[in-house]
Amino acid sequence: LLRIRSKEGMSRIQVEPTDTFASLAEKIASTLKLDNADTIAVGNQPSPDSATPIVQLKEKTIGSTELKHGDIVYVSFPESTSTTEEASSSSSTAAAQQQPKPKDSSGYIPIDDLQSIKQDEVDDFLEKQRGLIKRPRDTDFCRHGDNAMCDYCMPLEPYDQRYLEENKIKHMSFHAYLRQIGAAKQTSAPSSDVLKQLPPLEEPNYKVKVPCTGGHAPWPEGICTKCQPSAITLQRQTYRMVDHIEFSSAGLIDTFLNSWRSTGCQRIGYLYGRYEPYLEVPLGIKAVVEAIYEPPQEDHVDGIKLALPWDEEQTRVNKVAEACGLSIVGMLFTDLIDDGTGKGTVIPKRHVDSYFLSSLECAFAAEMQKRHPSPCKHSATGKYGSKFLTCVVSGDLEGNIDVKAYQVSETATALNDADIIEPSRKPSVMRVHESISHERYVPEVFYKFKNEYNVVVKQSAKPTFPVEYLLVNVTNGFPHEPDPLFTASPGFTVENRQAQDVGTLSKYLSNASNPEQLKKLLSDFHVLCFIASLNTLSPNEFDTLCQVATKRDVPANLLETLDGWKTLTVLLKEAEGNARYNTPSSRSATTSGAATPATSEYAEVSCRHCTFANPGGAVNCEMCGLPLGD
């Protein structure tokens with residue numbers, strides 16, 4: 001009888017002195033449920049480094065060694081195939097940002113699993129930085145040498161309130177806020193190991209807790225002080241998840257505004273970019289916008305109606321952005337009304353005496369932030385807040401077109417999620433719901449302000465309260481030396497404004513006379529999104545196309561080696577030929593020789609293969625290139 005000691009524990013295996021180590025390995029693999037017995041190593045010491053692989057001992061018998069009845073054999077082996085598959089699966093899902101799941105209905109993730117949360121790269125980078133604010137030697141108060149330090153010149157913490165006020169930083173950065181609460185926790189209990197392990201952040205939740213341990217029927221049949229949310233006092237959020245938003249070039253905004261200039265209707269678009277450290281704020285984060293994608297929408301002079309759902313299109317666009325190294329970072333919409341002077345100025349609607357974001361826009365921003373949470377290993381739920389930004393293009397006090405960026409607070413997101421607030425008809429105030437018995441519970445909501453005597457007073461937020469209590473300001477701007485990711489000049493049709501087809505792409509790419517010009521024309525996010533919708537390129541081929549379009553050191557000749565690109569080239573040539581054939585000049589004469597007016601009107605002909613509506617008189621389909629006749 002041999003005792004087998006492994007990381008799975010202690011096991012006992014019955015063997016004979018004439019048995020070989022190969023049969024021993026099979027019995028060990030059967031006992032420990034291993035897939036491959038050849039991966040086992042055995043030894044007489046606990047350290048795996050001193051173990052001998054079983055393949056080197058296969059032919060030896062148990063009796064030929066010094067093993068006796070009751071001896072301990074230390075066994076080591078690599079992770080099983082299933083475990084390896086799970087590890088590879090976890091790495092791939094981490095790339096897709098699939099995070100560990102909570103084990104119960106509370107939504108909390110076990111502490112041991114929090115460290116496996118896949119955060120944004122900028123968060124991982126800033127966590128490794130000390131973030132101290134360096135100060136020069138004070139010539140008036142410092143009395144030491146150059147290599148010494150005192151209270152007047154020692155570095156400050158990134159959350160130093162005096163520094164923030166002197167530099168007019170209204171909200172500290174999120175990572176500075178993390179350092180602040182970490183320091184406060186260390187001060188309150190410096191020797192507590194339990195507090196050091198507990199995550200410092202927890203998302204606010206104003207819903208009734210279900211189930212409740214109070215011994216009553218669950219909500220909505222019953223409620224008690226244990227499960228009902230406490231009273232809420234609104235106050236300005238001291239930090240912000242993103243400190244600055246930077247548009248890679250002014251052409252992004254100009255192209256987006258062309259729709260309003262031509263139609264006078266408002267427009268909305270999603271911002272795609274990346275997050276980078278922002279050096280103007282201690283431990284700050286900025287969002288760099290590289291592209292604006294306009295989803296399906298109904299635009300009007302006084303507003304926008306989104307055509308939802310657009311999940312399939314959104315999934316495709318997100319994959320294109322991921323192939324370009326981008327992700328969705330926010331949304332941008334217009335609120336412009338021309339003042340009629342003919343000077344290009346607009347009516348200033350948003351200012352300190354009216355509102356900055358309306359209550360409806362705040363509720364929409366809260367919903368979008370909830371849909372795009374920020375993964376965080378310092379939160380009990382594995383996520384905290386959101387880096388999703390809301391930008392509005394409107395007129396400033398001088399009537400010039402200006403961009404403003406905002407977020408709503410975590411309190412606003414939780415209030416909207418709990419159905420406690422709703423938009424008001426007056427855009428500057430938010431309405432608080434009334435409680436409905438056995439249907440909706442609304443706790444007491446208060447907000448503080450200074451009255452006419454400069455005294456801070458607390459007032460009930462029912463029925464309404466100012467939306468400023470929910471807003472977080474974010475600065476915005478453009479780089480001094482623009483270096484956008486997409487370098488193509490505007491020329492391709494923007495999605496969901498006008499119809500896009502293969503003929504449109506063929507006409508656009510026909511302007512390229514050499515590979516370098518083709519590379520520049522492909523460097524357009526709208527072009528890449530349309531090519532992705534054609535499904536002619538495999539995922540790997542499309543990744544190569546995105547590399548060609550976004551990286552200057554990748555040559556355009558690489559596309560000629562892709563089978564999907566060759567197929568696309570054939571489609572483009574057929575579309576170009578069909579467009580030439582279907583022009584009025586090419587069909588101005590009949591087969592009998594009788595002249596036909598070039599401006600004659602023909603009924604549209606639907607292709608029986610792809611159902612595309614072709615202009616009357618066309619012989620081949622402009623979309624698929626197949627004949628329209630029988």
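## Close-up views of a predicted model

**View 1. Two cysteines in a predicted model that holds zero disulfides.** C391 counts as buried, with a relative accessibility of 0%. C362 also counts as buried, because its relative accessibility of 2% falls under the 20% that sets the limit for a buried residue. In terms of the secondary structure, the protein chain of this predicted model contains 16 helices and 24 strands, and 41% of its 630 residues count as buried. The accessible surface of the chain comes to about 34,700 Å², and carbon and sulfur atoms account for 50% of that surface. Among the contacts between residues at least 6 apart in sequence, 63% join residues that are at least 24 apart.

**View 2. The surroundings of S374, in the loop between α10 (359-371) and β15 (389-395).** Is S374 buried or exposed? S374 is buried, because its relative accessible area is 3% and the limit for a buried residue is under 20%. The side chain of S374 is joined to the side chain of K387 by a polar contact of 2.7 Å. When the neighbours within four places in sequence are left aside, the residues in contact with S374 are D120, D123, M241, K383, Y384, G385, S386 and K387.

**View 3. R137 in the loop between α4 (121-127) and α5 (161-166).** R137 counts as partly exposed, with a relative accessibility of 39%, a value that lies between the 20% limit for buried residues and the 50% limit for exposed ones. Which backbone atom lies 2.5 Å from a polar atom of the side chain of R137? It is the backbone oxygen of H144. H144 also appears in the list of residues in contact with R137, which, with the neighbours within four places in sequence left aside, consists of C142, R143, H144, G145, D146 and C153. M149 is 12 residues away from R137 along the chain, and the C-alpha atoms of these two residues are separated by 8.1 Å.

**View 4. The hairpin formed by β19 and β20.** Strand β19, which covers residues 445-450, runs antiparallel to strand β20, which covers residues 456-460, and five bridges join the two. Within this pairing, F446 stands opposite S460 in β20. Five residues lie between the two strands of the hairpin, and N454, in the turn, has a positive phi of about 60°.

**View 5. An open sheet of three strands, with α10 packed on it.** The strands follow the order β17-β18-β21, and their pairing is antiparallel. The edge strands are β17 (421-423) and β21 (464-466), each of which pairs on one side only. From one strand to the next, the twist averages 40°. Strand β18, residues 429-432, is joined to β21 by three bridges, and these two strands run antiparallel, with M430 standing opposite F465 in β21. Helix α10 packs on this sheet and touches β17 and β18, and the direction of α10 makes about 70° with that of β18.

**View 6. Helix α14, residues 525-534, a mostly covered helix.** How many of the 10 residues of α14 are buried? Eight of them are buried, namely F525, H526, V527, L528, C529, F530, I531 and A532. At the start of α14, a side-chain oxygen of D524 reaches to within 2.8 Å of the backbone nitrogen of H526. After α14 comes N535, whose phi is positive and near 60°.

**View 7. An open sheet of five strands, with α1 lying across β1, β2 and β5.** The order of the strands is β2-β1-β5-β3-β4, and the pairing in this sheet is mixed. The strands β2 (9-13) and β4 (52-53) stand at the edges, where each has a single partner strand, so one side of each is left without a neighbour in the sheet. Strand β1, residues 2-6, runs antiparallel to β2 and is joined to β2 by five bridges, and I4 stands opposite S11 in β2. For readers who trace the side chains along a strand, it helps to recall that in a regular strand the side chains alternate between the two faces of the sheet. Helix α1, residues 21-32, lies across β1, β2 and β5 (72-76), and runs at about 130° to β2.

Notes
Residues numbered from 1 in each chain as written. Predicted model: local features only at pLDDT ≥ 70, side-chain atom pairs only at ≥ 80, totals over all residues. Heavy atoms only, no water. Helix = DSSP H or I, 4+ residues; strand = E, 2+ residues; numbered from the N terminus. Buried < 20%, exposed > 50% of the residue type's maximum accessible area, 1.4 Å probe, protein only. Polar contact = N/O pair within 3.5 Å; in protein donor to acceptor, adjacent residues only side chain to side chain. Contact = heavy atoms within 4.5 Å. Disulfide = S-S within 2.5 Å. Pairing = 2+ DSSP bridges. Areas by Shrake-Rupley, 256 points an atom, 1.4 Å probe, with all protein chains shown as cover. Axes fitted to C-alpha atoms, helices over the stretch in contact; angles between N-to-C directions.
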